[in-house]
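Subject: Structure handover

Hello,

Here is the structure for you to look over. My notes on it follow below.

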Amino acid sequence: MQILFRNRGTGSGYFLDQPTAPGSYSILLTMPATDTCNAVRMEKSFEISFLPAPSVAYGFDGTVGNNDFFTTDIRVVAPKGYEIATELDGTYKESVDYDAVERGIFLRRISDGAKTAAISVSESLKKDKERPKLSSLITDENGKSLSTMGDYYANELHLSIEDENLILVRVNNMLMQVDDALAELILETNGGEEMYTIYAEDAAGNGFTLSVHLFAAWMKTGVMPAGMKVILKKGTAYKLEEGQWTRSGDTTVYNGGGEFYVDNDTECTFDKVN
């Protein structure tokens, strides 16, 4: 007896290997005549169908943040009793990467290996794994940047914070303006020193807090600049260059060249007389 198969959907000829892919087929059995039996030829049509998809065909796994954003990679997970793949003849396993799903998913029943046709994954999920980023960051004359932290000397510091989903930036608990996923900040010393706490957050809830201790550039050496408003702190040593100086609101002439202290925190401007 000879057994042959034919794919009725393609109109191709007969072949020996038993088909496994879904489709419409015929099976042909032939047996030659013998001394006691006539020749036999019989053909029968049959169908191979995809396994129907279960009512709940998949789920999602990952960490969910704010506003329905995932803050980790997303996995598409097969239901119990099935394995999942991104191609009909691909590798079936417990879950696949959501970003790898292009033409839907395919399920294989573990008990008998039966497979479904492509199942559309219609959900458009939002993912944001990254915190807002600092950019346009200036450095001091020694190339020191905010990434090293510590004391930072500059009269003002320009920086920007970027994130495609940026929604919130605060400086010392004051809300800053965010335009087109960007916040541009200028931190000033006002002639003295300032402590800034910066907080940024995106729509997914990813955020960071940054503390900046900013000193006016002249405070690196402690030598007072002429004609510039400065803020002096009690208990800190300051210097004036050699020569004679006057202080705003005070007719006294001071000699420079040595250190001096103030009794109370004060704001003033020194001008050189000669």
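Two strands count as paired if DSSP finds at least two bridges between them. Keep that in mind for the first item. Also note that this is a predicted model.

**The open sheet**

Strand β22 covers residues 244–247, and it pairs with β23 in the antiparallel sense over four bridges. In that part of the model, R247 stands opposite D250 in β23. The two strands belong to an open sheet of four strands, in the order β20-β25-β22-β23, with antiparallel pairing. β20 (229–232) and β23 (250–255) stand at the edges. Each has a single partner strand, so one side of each is left without a neighbour in the sheet. On average, neighbouring strands here are turned by 40 degrees against each other, direction ignored.

**Nonpolar cores**

The largest nonpolar core has 18 residues. Those with the most contacts inside this core are I161, L187, I198, V212 and L214. Which elements give two or more residues to the core? They are β14 (156–162), β15 (166–171), β17 (182–188), β18 (193–202) and β19 (207–215). β19 supplies the largest share, four residues. Another core, of 16 residues, lies apart from this one. A57, A78, V96 and I105 are among its members. As background, nonpolar side chains in soluble globular proteins tend to be buried together.

**A nonpolar patch on the surface**

M1, I3, M31, V40 and M42 form a nonpolar patch on the surface. Together they have about 480 Å² of accessible area. I3 sits in strand β1, residues 2–7. Is I3 exposed or partly exposed? Its relative accessibility is 38%, so I3 counts as partly exposed.

**Salt bridges**

A search of the whole structure finds eleven salt bridges. Three pairs are described here, then a network.

R103 and E87 come first. Their side chains meet in a salt bridge at 2.4 Å, N to O. R103 lies in the loop between β9 (95–97) and β10 (106–109). E87 lies in the loop between β8 (82–85) and β9, so the pair ties together parts that are 16 residues apart in sequence. R103 counts as exposed because its relative accessibility is 57%. E87 is at 36%, so E87 counts as partly exposed.

Next, K115 and D89. This salt bridge has a distance of 3.5 Å, N to O, between the side chains. What does the pair tie together? K115 lies in the loop between β10 and β11 (126–127), and D89 in the loop between β8 and β9, so the bridge joins parts that are 26 residues apart in sequence. K115, at 26% relative accessibility, counts as partly exposed. D89, at 68%, counts as exposed.

Then R109 and D112. Their side chains meet at 2.7 Å, N to O, in a salt bridge. R109 has 27% relative accessibility and counts as partly exposed. D112 has 47% and also counts as partly exposed, because that class runs up to the 50% cut-off for exposed.

Finally, the network. D73, D99, K127 and K129 are joined into one network by salt bridges that share partners.

Best wishes

Notes: Residues numbered from 1 in each chain as written. Predicted model: local features only at pLDDT ≥ 70, side-chain atom pairs only at ≥ 80, totals over all residues. Heavy atoms only, no water. Core = buried A, V, L, I, M, F, W, Y, C linked by side-chain atoms within 4.5 Å. Buried < 20%, exposed > 50% of the residue type's maximum accessible area, 1.4 Å probe, protein only. Patch = residues over 30% accessible without salt bridge, like charges linked within 9 Å, V, L, I, M, F, W, Y side chains within 5 Å. Areas by Shrake-Rupley, 256 points an atom, 1.4 Å probe, with all protein chains shown as cover. Salt bridge = Lys/Arg side-chain N within 4 Å of Asp/Glu carboxyl O. Axes fitted to C-alpha atoms, helices over the stretch in contact; angles between N-to-C directions.
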